[in-house]
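Visitor: I should like a close look at a single part of this model, namely its aromatic ring pairs. Please describe them in one connected account.

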Amino acid sequence: MVKVTFVASGGERREVEIDKGETAREAALFNDVPGIDGDCGGVCACATCHVHVDPEWIDKVGRLQEDGMEAELLQFAEGTTEYSRLACQIPMKPMLDGLVLHVPEQQY
Amino acid sequence: MNTQIMEMDTADKIAAIPIEEIDVARPSLFQNDTIGLFFDRLRKEDPVHYCRDSYVGPYWSITKFDDIMAVDTNHKVFSSEAKLGGIAIQDMHSVEGALDLEMFIAMDPPKHDQQRKAVTPSVAPSNLQLLEPIIRQRAAKILDDLPVGEEIDWVDKVSIELTTMTLATLFDFPWEERRKLTRWSDITTAAPETGIVESYEARREELIECAMYFKGLWEQRINEEPKNDLISIMAHSPATRDMPFLEFLGNLLLLIVGGNDTTRNSISGGVLALNENPDQYRRLSDDPSLIGSMVPEIIRWQTPLTHMRRTALQDWEIGGKQIKKGDKVVMWYLSGNRDGSVIDRADEFIIDRKNPRHHLSFGYGIHRCMGNRLAELQLRIIWEEIHKRFSRVEVTGEPERLYSNLVRGITNLPVRLHAR
């Protein structure tokens, strides 16, 4: 198991655990973390699991690839920043144990 | 007349059609609501189905959830471009007397992306929060004005009225003339066979009238400070302000149709679904907190747009079938939303599903419905307000359905309201 902390837009922190190999989207959905909808089932097709990766973690997670479906979807989302990613595209490898993700105020 | 026997007879006939002769483009199948039986067969026997000959020409039907998802998210191979035929089973430019409308739903990147980005803020979550109290106030007024105990047409009195009011708000459209929006939405997707317009020529005339009306509003808004309504956003945004006129009109009509037919038919479809599933209606009455998960279930159940179409830009294999460059590929959302291999008990209307938003009604990928949360917002509000006032909205007669293979519409739904 690896740990992920979701920080709500109001600042409330919620630490959850998830099996290695699942993604940050599952970490949120399996634990009913509010603000992560994940409509499409985790296949990078809807942009409703948008998160801001904590700046301390962005290098380990990796930044958004400019060219690809994830970027194409995020361009239509509200409140994107240079730390924006889709949680379904963050596999929870052991090196990400302790990851901190910020949930945007609204999920499109 | 024994309707049970008639239905059996219809089912037997459909079961006996040779699979290669099945043509699901026929609008009558949607009007008489037998289409589900055809899709059941295709999903079982030939999930990627080629129809050689139909009134819209040859086309592929994609009928299973995962195959639809694969096509919808592969816009580099499956194009929405209007000049290749666009996004509906009937080619956009095949019709004599039609206007050459251009809209971003029928464009590929990069032009699609720029124009969509320009109008997205109008339905962004922050704007929806501003809209919620206005929509609620209007929904309350609509319901308060309805007579209890008399038979009324739910479609006209509630579904059309609420969606039209919301659209008028989004566009900051002159209030007293808001039913013009309904009319323009209806004719945009209508063919003469529907009876909504007399001919494509007559439709063209009306659309030009619509264009002139919006041109007036545009000129007014461009000379004012930028505001949050869609016309003002389009008039002031660098991505849209220099649009050629037919493109401006096309995108306006896209937003009208997108926000009108769809939500209207989901409002009607929800009343029908609850009446056809009285156990679910009882559960809702006992626990109105289920409205939150019922709303996406209504949208799945109704599937207000039956399909979206793409054109293959290269040869591609789906489900073991060879699609050729240039082929017309139709993603039947209505069928994928009944795919039991992805959705548990897909043939049942269940108001508290675990993942109710895992449905195809909004599409997926870059063309996914940008108003999806606004649609849900309107449905949630109307059901919350219905619950406060009425113990039951009782369907008292047969619904009438629209003659269309694109819009899954209910044109008349007689109901009687029971006071709480």
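Guide: In this predicted model, B:F39 and B:W332 are both buried. The ring centres of B:F39 and B:W332 lie 5.3 Å apart with the planes at 50°, and the pair is therefore classed as tilted, since that class covers angles from 30 to 60 degrees. Distant parts of the chain are linked by this pair: B:F39 belongs to helix α3 (residues 35–45) of chain B, B:W332 belongs to strand β8 (residues 328–332) of chain B, and 293 residues separate them.

A tilted arrangement is also found for B:Y50 and B:W60, whose centres are 4.7 Å apart and whose planes make an angle of 50°. Here the link runs between two strands of chain B, with B:Y50 in strand β1 (residues 48–51) and B:W60 in strand β2 (residues 59–62), 10 residues apart. The two partners fall into separate accessibility classes because the limit for a buried residue is under 20% relative accessible area: B:Y50, at 25%, is partly exposed, whereas B:W60, at 7%, is buried.

Aromatic residues of chain B also gather in a group, as B:F171, B:F173, B:W184, B:Y213 and B:F214 make up one aromatic cluster. Over all chains, the structure holds 12 aromatic pairs.

Definitions and conventions. Residues numbered from 1 in each chain as written. Chains lettered and ligands numbered in written order. Predicted model: local features only at pLDDT ≥ 70, side-chain atom pairs only at ≥ 80, totals over all residues. Heavy atoms only, no water. Phe/Tyr/Trp six-rings, centres within 6.5 Å; stacked < 30°, edge-to-face > 60°. Helix = DSSP H or I, 4+ residues; strand = E, 2+ residues; numbered from the N terminus. Buried < 20%, exposed > 50% of the residue type's maximum accessible area, 1.4 Å probe, protein only.
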